[in-house]
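Subject: Structure for you to look at

Hello,

Here is the structure I promised to pass on. Please open it and keep it beside you while you read.

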Amino acid sequence: MVSQARKSELLFSGSDWNFAKLSRVYDEIEALGTEELGLDIYPVQMEVISSEQMLDAYSSVGMPLMYRHWSFGKRFLYDEFLYRKGARGLAYELVINSNPCIVYLMEENTMALQALVTAHAALGHNHFFKNNHLFRQWTDAGGILSYLDFAKGYIARCEERHGLAAVEAILDSAHALMEQGVFRYHRPPKLSSEQQREGLRERLEYEERSFNDLWRTLPPSQGKSKPEAGDEILAERKKSLKLPEENLLYFLEKNSLVLEPWQREIVRIVRVIAQYFYPQRQTQVMNEGCATFVHYTIMNTLFDRGRISEGAMLEILRNHSNVVFQPAYDDPRYSGINPYALGLDMMQDIQRISTAPTAEDRDWFPDIAGRGDWRDTLLDAWANHRDESFIRQYLSPALIRKWRLFALADGADEPHYEVASIHNERGYARIRSALAQSYDIGASRPDIQVVDVDLLGDRHLRLQHKVKDGIMLEGQSRDATLRHIRNLWGYEVSLAAIDAGTGATLSERWTKEL
């Protein structure tokens, strides 16, 4: 039984929560995170929501404001059906990369669980969002909420003026291209909400001044276009259009001759939102690992200081264990590597290497082994790495052995798998490289670019897919996506599959064939 003196030191007792307890726990957790771990966070706005509100947040890709689209309702019904049938649980919390950082807490959570997810989201995720270089360069946490408010209102006005069907058709096509609607290699400009609105007004005024209805009256081209221009003219044309272009939505927004000003702005809205989520795809292991390491460290520190009871700590550890559970590869529940588990283990391994290294650690990590400054090492890693580079630099042989990782050489023309790497020095390097490569979205996402279009001729839009390791696009999905590109472009579109190694043309698909 907890003594009366010890009970008076506890942050909370029992499973019931109220806002006074939440505030007291947050203040204690924030002080620990900033003073003991050196975390730097945005101001926090915490909101308690119901299970239905959490499902609604799921359907709108986790954002507090979002325009209307049928796909969000479909997602809501699907998630609700699984939740009501007991086939799927709900997240304990949801956190938004914004300034202030918005944290949603489930009202069904116990007080112990509220403390856990507060440390996880309001401190761990918050610090990562604010300090990681990808989020700093590619997202605007201070402007995203006001931009979403503008986007929601603008699309609602378009629905009133042009009709639901017309707006939905543009959104369908733009959503289909979101994966190919991001800048991967050069940073888009950051604009405040006021600049966004001013830019919109200027773009609409320019479109109205420069619109020429003669484009619509031109007859469609028949058969083949005029002979191809010479190399010089072709090179000049590509230079003027800044080709090749990786961002399909950006190219269509800027160059389509059939989009009206309001349609062009909707394409831009979808493109901005796609860009906002781009860093999250590259940092799942690091982001979840950072948040899990922070909540685990803070909760244990609070317990050691007598601020959390044994019963509350047991509940916290049970929920923590559920989060980091990693089934074996031959377990029926296995669905891949759990990013929470891998991220936490790597960060705890950095802590071990910094404080109690082995001779092997000193060989592999001479810069950090035995230096003791694991906090600085983690803060630097959280700020300057993404999943691929983090694994490539910090995955240790000791962790490879703990996880029993191995690599398979899977040749398409071979009837059997080959275990290609074993646990020796060369094998460790190959396993680490292979695992890091699997988190490189540049290698896993199809590389499709606009390579040519003759705006003064037949306006045929030519796309190119660089095929790596013989992996072609799935036919049905490819054809459906080409139709959406054709809807936004208004003229013929073709997609050529080019072998990335040899440059040979493997196939070519035209929208007129669909």
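Below is what was found in it, from the whole protein down to single pairs of residues.

**The whole protein**

Please note that this is a predicted model. The protein has 23 helices and nine strands. Of its 514 residues, 46% are buried. Now look at contacts between residues with a separation of 6 or more. Residues 24 or more positions apart account for 73% of these. The protein exposes about 26300 Å². Carbon and sulfur atoms supply 50% of that area.

**Two cores**

In soluble globular proteins, nonpolar side chains tend to be buried together. Here the largest nonpolar core has 70 residues. Leu 123, Ile 298, Met 299 and Trp 382 have the most contacts inside this core. Which helix gives the most to it? That is H5, residues 111-131, with 12 residues.

Click on Leu 123 next. Leaving out residues up to four places away in sequence, Leu 123 touches Tyr 26, Ile 29, Glu 30, Gly 33, Leu 39, Ile 41, Thr 118, Val 294 and Ile 298. There is also a second, separate core, of 52 residues. Among its members are Tyr 154, Leu 171, Val 270 and Phe 277.

**Three helices**

Start with H14, residues 284-304. It has 21 residues and reaches 30 Å from its first C-alpha to its last. That is close to the 30 Å expected at 1.5 Å a residue. Is H14 enclosed or open? 15 of its 21 residues are buried, so H14 is largely enclosed by the rest of the structure. After H14 comes Gly 306, with a positive phi near 75°.

Then go to H7, residues 144-162. Its 19 residues should span 27 Å at 1.5 Å a residue. The end C-alpha atoms of H7 are 26 Å apart, which agrees. The buried residues in H7 include Ile 144, Tyr 147, Leu 148 and Phe 150. Tyr 154 is another buried residue of H7, and it belongs to the second core. H7 is followed by Gly 163, where phi is positive, near 100°.

Last comes H19, residues 387-394. Asp 387, Glu 388, Phe 390, Ile 391 and Tyr 394 are buried there. What covers them? The cover includes H14 and four other helices: H13 (261-282), H16 (339-355), H18 (374-384) and H21 (425-438).

**A patch on the surface**

Some nonpolar residues are on the outside. Tyr 329, Tyr 334, Phe 406, Leu 408, Tyr 417, Val 419 and Ile 422 form a nonpolar patch on the surface. Together they have about 770 Å² of accessible area. Leu 408 lies in strand E4, residues 407-409. Leu 408 has 45% relative accessibility, so it counts as partly exposed.

**Salt bridges**

Side chains of opposite charge can pair when their charged atoms come close. How many salt bridges does the structure hold? It holds 21.

Glu 36 forms one with Arg 305. Their closest N and O atoms are 3.3 Å apart. Glu 36 lies in H2 (residues 19-36), and Arg 305 lies in the loop between H14 and H15 (310-323), so the pair ties together parts that are 269 residues apart in sequence. Glu 36 is partly exposed, at 33% relative accessibility. Arg 305 is partly exposed too, at 47%.

Arg 352 and Asp 361 also meet in a salt bridge, 2.6 Å from N to O. Arg 352 is partly exposed, at 26% relative accessibility. Asp 361 is buried, with a relative accessible area of 1%.

Now find Asp 440 and Arg 386. Their salt bridge has its closest N and O atoms 3.7 Å apart. This pair links distant parts of the chain, 54 residues apart. Asp 440 is in the loop between H21 and H22 (441-444). Arg 386 is in the loop between H18 and H19. Asp 440 is buried, with a relative accessible area of 15%. Arg 386 counts as partly exposed, at 23%.

One more item to find. Glu 253, Lys 254, Glu 265, Arg 268 and Arg 271 are joined into one network by salt bridges that share partners.

Best wishes

Technical notes
Residues are numbered from 1 along each chain as its sequence is written. This is a predicted model: local features need pLDDT of at least 70, side-chain atom pairs count only at pLDDT 80 or more; totals for chains, interfaces and linings use all residues. Side-chain values use heavy atoms; hydrogens and water are left out. Helices (H or I, at least four residues) and strands (E, at least two) are DSSP runs, numbered from the N terminus. The expected span of a helix is 1.5 Å times one less than its number of residues. Buried means under 20% relative accessible area, exposed over 50%, partly exposed in between (1.4 Å probe, protein chains only). A nonpolar core is a set of buried Ala, Val, Leu, Ile, Met, Phe, Trp, Tyr and Cys residues joined through side-chain atoms within 4.5 Å. Contact means heavy atoms within 4.5 Å. Patches are made of residues with over 30% relative accessible area and no salt bridge: like charges are joined within 9 Å, nonpolar side chains (Val, Leu, Ile, Met, Phe, Trp, Tyr) within 5 Å. Accessible areas come from the Shrake-Rupley method with a 1.4 Å probe; for residues, only the protein chains shown count as cover. A salt bridge is a side-chain nitrogen of Lys or Arg within 4 Å of a carboxyl oxygen of Asp or Glu.
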